[in-house]
Amino acid sequence: MARRGAAALALAPALALLAVALAGVGARGAVLEDPDYSVQEIWSREPYHARPNPEPEPEPFSPPLPAGDGEEERQPRPSQHRPPKKASKPKKVPKKKLAPETSPPGKNSNRKGVRSKSSEKAASDDHSIPVARDDVREGCPPLGLETLKITDFQLHASTSKRYGLGAHRGRLNIQAGINENDFYDGAWCAGRNDLHQWIEVDARRLTKFTGVITQGRNSLWLSDWVTSYKVMVSNDSHTWATVKNGSGDMIFEGNSEKEIPVLNELPVPVVARYIRINPQSWFENGSICMRMEILGCPLPDPNNYYHRRNEMTTTDDLDFKHHNYKEMRQLMKVVNEMCPNITRIYNIGKSHQGLKLYAVEISDHPGEHEVGEPEFHYIAGAHGNEVLGRELLLLLVHFLCQEYLARNPRIVFLVEETRIHILPSLNPDGYEKAYEGGSELGGWSLGRWTHDGIDINNNFPDLNTLLWEAEDRPNSPRKVPNHYIAIPEWFLSENATVAVETRAVIAWMEKIPFVLGGNLQGGELVVAYPYDMVRSLWKTQEHTPTPDDHVFRWLAYSYASTHRLMTDARRRVCHTEDFQKEDGTVNGASWHTVAGSLNDFSYLHTNCFELSIYVGCDKYPHESQLPEEWENNRESLIVFMEQVHRGIKGLVRDLHGKGIPNAVISVEGVNHDIRTASDGDYWRLLNPGEYAVTAKAEGFTSATKNCMVGYDMGATRCDFTLSKTNLARIREIMEKFGKQPVSLPARRLKLRGRKRRQRG
């Protein structure tokens, strides 16, 4: 009691002079250290302070000391709730132009499209304080609960039902496992349902808090969410003060269902180190469960070495922002004007809503296939709400152009020896929906599907079943090759449930002889390789390798091992799966089965080896996180492209030196073939070793060579010259003189028929 009394006397002047008192209290809170500081490494970049802040700093918040523990929770509830921003009702806002370069670093350019109720409407309290609109909406990004920037050690709760529902699971958009009663459940859930429960975030430095986003529990079977709550702040985690609206404690309206995020902005920004959410009411048939994100700007602390050591910066001068469709097209045009000799913009078709599916080609001879030069592609945005991949590819296009102009030898070699195609947005219709929702309020699935409700990722023909059924019936008269399996006729019909975007990709891949490709997705940190579909019936998970499993494993590891976080054993799992046992890689079917995936289709219908690259836990990170995500993925994106030059390559020609198209290239011991392109050139991805390779074509005698693949980068040249078979030569001679080869059996039947007619 003596300590409390002294503290109360010390804070008495603060009631009259708020700014002066808080300066002292804030300084004391800033120097508090957490015992976990020495062991927890936070990869944090502070975009709020990366550039000068054009707005004045708010006065720190120093509340009066409460009379006793738990006093805030027993305050009478005001009659009015503060209306939140909900993701269920879009707010109509006129479209804006491209953001200027001098925009605030915390600005989320797509926040203009937040699906929300009007936040101008405040609680009907005569003493309510108006929301600092520009400061909150434009200034402060999420602290990073969803992106894992906030570690588990920074989250605390009053109680929890069990470990799997602990405070560390109270992260926005976190997903529950298949078995919800395990260590990986879908929210923080309090151990008791009463007004004394709370979940708390330790920002580990003074932070200007501006808002709270909440969700209910992710569950297939249960309905749990919080319908209202209070917000409390502290500088030392012992003395707490409730955010007020006039004279009374402010009650924020929570969720009305469990998945749609709801944003509540604080009436004025509050400076503190700790923030606590105290549920006041919850769904009557459920429990206190919630997922959340906190909006806030960490204040500068130059004296704290811990934070300065872990700040993430980038030296690349790129456009780190979210680009809508128009802005994406403008960026492509800017890059094309910067590097007209190595770039070409084209489209592979249109979306359901008529938006063109733009791609950028990067090559020293754009627009043409060079004999002997492999073709590579990146695809992103098959799920419109997985935005990080889209922005990484736009950054990659810009980066390759800049580095080529700077004569970076590594990039120059890549551009001059590879034909690169980058398709950043396969589902632009879905992206526009996600863009309107924004990076915080889009939820887990808004914009995932095409406009007509199709998931492009598993909308391709199921060729696996055709192959496996033929292999299980070896005596079947219907022969199915181990490659270039034809698309079923039903899939090609107009009545088939196939997205126009899917058809466009198929036509694109059939036209260009891609060797290697990666499709960027989000929501996890792992590289998945085919097969994506299990072979055994009625199973949802089963390791199902391809004949080229050893090659796919290497390709996946080449990306994961050069990513800053994928193979880091210290990092926390995104949701439920721990992929560290395979070094950040996974066989798709052993993760979850998907019939008709792009990876499986590409492998069985074309020469292309395709992998799915999940580039981040947060599908749609705030744009302030884009520089850090770029640093995480930049080296991996380049290394993966370089793998297209691994294995063997060559030309298959006839005796006159003319390339033989559609020749089959077989590798002994690998039950999967590839074919030559229209000019007779081919590329076969292989790991280091010695291989017996056979080239064969219709009308030609086959030829076999031993080809050695080394460890150095660069494919081994392995050419073939095939001579025509005797029958092919006879046919060629007969056709030259206008006659067809004589078929002896047919001639005998014809003579027998003539004799019968003569006898008759």
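Visitor: What makes the approach of the Gln-154 side chain to the backbone oxygen of Asp-202 a polar contact?
Guide: A polar atom of the Gln-154 side chain lies 2.8 Å from the backbone oxygen of Asp-202. A polar contact is a pair of N or O atoms within 3.5 Å; within protein, one must be able to donate a hydrogen and the other to accept it, and residues adjacent in sequence count only if both atoms are side-chain atoms. The value of 2.8 Å is within 3.5 Å, so the pair counts. The Gln-154 side chain also reaches the backbone nitrogen of Thr-151, at 3.0 Å.

Visitor: What kind of model is this, and how are its values filtered?
Guide: This is a predicted model, in which local features need pLDDT of at least 70 and side-chain atom pairs count only at pLDDT 80 or more, while totals for chains, interfaces and linings use all residues. Residues are numbered from 1 along each chain as its sequence is written, and side-chain values use heavy atoms, with hydrogens and water left out.

Visitor: Why is Gln-154 called buried?
Guide: Buried means under 20% relative accessible area, exposed over 50%, and partly exposed in between (1.4 Å probe, protein chains only). Gln-154 has 2% relative accessibility, so it is buried. It lies in the loop between helix H3 (133-139) and strand E2 (155-157). Helices (H or I, at least four residues) and strands (E, at least two) are DSSP runs, numbered from the N terminus.

Visitor: How do you know whether Arg-204 is buried or exposed?
Guide: Its relative accessible area is 1%, so Arg-204 is buried. This residue lies in strand E4. Its phi is near 65°, a positive value in a residue other than glycine.

Visitor: Which class does Asn-662 fall in, and why?
Guide: At 43% relative accessibility, Asn-662 is partly exposed, because the value falls between the two cut-offs. Asn-662 sits in the loop between strand E20 (648-653) and strand E21 (664-667). Phi of Asn-662 is also positive, near 65°, in a residue other than glycine.

Visitor: Why are Leu-220, Trp-221 and Leu-222 called a patch?
Guide: Patches are made of residues with over 30% relative accessible area and no salt bridge (a side-chain nitrogen of Lys or Arg within 4 Å of a carboxyl oxygen of Asp or Glu). Like charges are joined within 9 Å, and nonpolar side chains (Val, Leu, Ile, Met, Phe, Trp, Tyr) within 5 Å. Leu-220 has a relative accessible area of 69%, so it is exposed and clears the 30% limit. Together the three residues form a nonpolar surface patch with about 410 Å² of accessible area, by the Shrake-Rupley method with a 1.4 Å probe, where for residues only the protein chains shown count as cover. Leu-220 lies in the loop between strand E4 (199-215) and strand E5 (226-234).

Visitor: What makes E14 and E16 paired strands?
Guide: Two strands pair if DSSP finds at least two bridges between them. Strand E14 (residues 375-380) and strand E16 (residues 514-521) have six bridges, in the parallel sense, so the condition is met. Ile-379 stands opposite Asn-519 in E16, and Phe-376 opposite Leu-516. E14 also pairs with strand E15 (residues 419-423), in the parallel sense over five bridges, where Tyr-378 stands opposite Ile-422.

Visitor: Why is E14 described as largely enclosed?
Guide: Six of its six residues are buried, so the rest of the structure largely encloses E14. Glu-375, His-377 and Ile-379 point one way, while Phe-376, Tyr-378 and Ala-380 point the other way.

Visitor: Why are E12 and E18 called edge strands?
Guide: The open sheet of eight strands has the order E12-E13-E15-E14-E16-E19-E17-E18, with mixed pairing. Strand E12 (343-350) and strand E18 (585-587) each have a single partner strand, so one side of each lacks a neighbour in the sheet. The twist averages 25° from one strand to the next, with axes fitted as lines to C-alpha atoms (for helices over the stretch in contact) and angles running from 0 to 180 degrees between N-to-C directions.

Visitor: What is the order of the open sheet of four strands?
Guide: The order is E22-E21-E24-E25, with antiparallel pairing. E21 and E22 pair over three bridges, and Ile-665 has Ile-674 of E22 as its bridge partner.
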